[in-house]
Amino acid sequence: MPEQARPGGILFDKDGTLFDYAKSWSAINLDAARLAAQGDSALGTTLLEMGGAHPETGLAAADCLLAAGNAAEIAAAWVAHGSSFTVAGLTGLLDELFCKAVSRMVPVTNLPALLTRLKARGVRIGIASSDSERAIADTVAHFGLPTLVDFIAGYDSGFGYKPEPGMFAAFCAACGIAPHEVAMVGDNLHDMEMGRRGGAGWRIGVLTGTGTPESLAGNSDLVIESIADLELALFADPSNG
Ligand SMILES: [Mg+2]
């Protein structure tokens with residue numbers, strides 16, 4: 001981590017980073033499995049367990065398929081494990097479910113306030129998610145962030161999937177900033193790995209998703225409780241930026 005340097009851009013993961021994963025996604029995971037299993041509760045349990053989520057609570061384990069995968073990856077795995085949809089058909093249904101889930105997202109902190117303060121420091125803001133671009137755009141609109149977010153990329157935006165560095169590189173290009181000027185913030189290893197491959201100046205893990213201090217240690221420069229602590233971590237004195 002460069003000393004004294006301050007980031008010119010911050011690329012955020014969405015789920016588990018801007019939004020509390022357990023509060024937002026546990027129930028949606030249950031809905032997704034129910035949908036894929038079409039009323040077969042034994043199959044639903046199988047799909048949740050193979051996806052890394054508890055079959056009753058929907059809580060997901062660190063870096064599991066449901067926490068880190070995109071709709072196409074989840075659909076492919078679930079069809080292979082017994083869902084009777086086609087992969088393309090189930091991908092479409094999951095994308096639809098996830099888009100409708102926007103209003104169920106629980107922000108980790110006051111997002112407009114945090115992003116407004118970061119913008120006031122001249123920081124460019126991006127969101128890179130394994131969700132679809134439409135779901136990200138709907139989320140940004142729903143939470144009043146359109147004027148605060150400079151860049152979004154989803155798994156279907158054409159920049160590749162995490163942990164490939166494509167979304168990170170696209171953010172740098174879109175904002176005209178060098179990779180070493182960017183802080184990558186996320187709750188999963190694939191976020192930290194995308195930052196590493198992309199050449200991020202800072203890789204910051206947060207504990208509001210499925211990652212743990214153990215799962216993130218060694219693959220991040222710093223692990224903080226949540227993005228509420230981000231300014232303190234990056235700017236030392238948040239009142240004197
Ligand atoms: Mg995440």
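**Entry 1: helix α7.** I looked up helix α7, residues 133-142, and found Ala135, Ile136, Thr139 and Val140 buried (20 or more other C-beta atoms within 10 Å of a residue's own, against 12 or fewer for exposed and in between for partly exposed, with C-beta atoms placed from the backbone). These residues are on the same side of α7 because they cover an arc of only 135 degrees around the axis, the arc being that of the directions from the helix axis to the C-beta atoms. On the other side of α7, I noted Ala141 and His142 as exposed.

**Entry 2: the model.** I am working with a predicted model, where local features need pLDDT of at least 70, side-chain atom pairs count only at pLDDT 80 or more, and totals for chains, interfaces and linings use all residues. I number residues from 1 along each chain as its sequence is written. Helices (H or I, at least four residues) and strands (E, at least two) are DSSP runs, numbered from the N terminus.

**Entry 3: around α7.** I listed what covers the buried residues of α7, including α5 (87-100), β2 (124-128) and β3 (151-153). After α7 comes glycine 144, with a positive phi near 75 degrees.

**Entry 4: domains.** The domain assignment, which is automatic or from a database, gives domain 1 (9-20 + 107-235) and domain 2 (22-104). Their C-alpha centres lie 23 Å apart. The contact takes 22 residues from domain 1 and 19 residues from domain 2, two residues being in contact if their C-beta atoms, placed from the backbone, lie within 7 Å. On the side of domain 1 that touches domain 2, α7 gives the most, with 5 residues.
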